[in-house]
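Open the model in your viewer with side chains drawn as sticks. The tour below moves from one charged pair to the next.

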Amino acid sequence: MNIDSIYNGYVLDHIKAGRSMDIYKYLKLDELDCSVAIIKNVKSNKQGKKDIIKIDALIDLDLTVLGYIDPGITVNVIQDGKLLEKKPLELPKQLVNVLQCKNPRCITTSEPQLDSIFLLSRKASGKRAYRCAYCETEHKR
């Protein structure tokens with residue numbers, strides 16, 4: 001398989017296998033007027049299999065959403081055909097207008113103009129979870 005290199009844009013690398021379509025939808029890449037390549041199930045020494053997305057334009061990427069979907073992603077910024085910067089991601093401490101609270105009594109349900117804010121917290125088991133900043137309802141992923 002031959003996928004052309006890009007001159008100006010992004011290469012989203014180390015995406016967990018099967019997560020590339022989630023990223024495609026969250027970032028609304030279907031609305032772009034440029035080439036977008038999704039390469040699925042690429043062999044990887046570290047991950048076994050991974051997905052890669054190439055975006056042939058320097059757009060405004062929401063790194064918060066990317067970090068939420070898959071904090072292991074590496075964002076490679078390509079400019080003039082060369083690697084300009086590598087941005088490793090991590091779980092964001094706060095998500096604004098990415099998730100919606102499922103609690104029917106939450107203030108965001110009755111007042112939809114409010115920003116939907118979720119904060120990263122630790123469960124008693126040590127796992128990480130996101131909780132609504134208003135009512136503390138845990139988001140189930």
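Select R131 to start; in this predicted model R131 is partly exposed, with 29% relative accessible area. Now add E138 to the selection. The side chains of R131 and E138 form a salt bridge, with 3.4 Å from N to O. Is E138 buried or exposed? E138 is buried, because its relative accessibility of 19% falls under the 20% cut-off. The pair therefore joins a buried acidic residue to a partly exposed arginine.

This contact is one of 3 salt bridges in the structure.

Next, select K50 and D13. Their side chains make a salt bridge at 2.9 Å, N to O. Colour the strands to see what this pair connects: K50 sits in strand β3, residues 48-55, and D13 in strand β1, residues 9-16. The two residues are 37 residues apart, and the bridge links distant parts of the chain. Switch on a surface and check how much of each residue is accessible. K50 has a relative accessibility of 11% and counts as buried. D13 is buried as well, at 14%. Both values are under 20%, so each end of this bridge is classed as buried.

For the last stop, select R19 and D22. Which contact do their side chains make? They meet in a salt bridge, with 3.3 Å between N and O. Keep the surface on and look at D22: its relative accessibility is 30%, and D22 therefore counts as partly exposed. That value lies between the 20% limit for buried and the 50% limit for exposed.

Note on methods. Residues are numbered from 1 along each chain as its sequence is written. This is a predicted model: local features need pLDDT of at least 70, side-chain atom pairs count only at pLDDT 80 or more; totals for chains, interfaces and linings use all residues. Side-chain values use heavy atoms; hydrogens and water are left out. A salt bridge is a side-chain nitrogen of Lys or Arg within 4 Å of a carboxyl oxygen of Asp or Glu. Helices (H or I, at least four residues) and strands (E, at least two) are DSSP runs, numbered from the N terminus. Buried means under 20% relative accessible area, exposed over 50%, partly exposed in between (1.4 Å probe, protein chains only).
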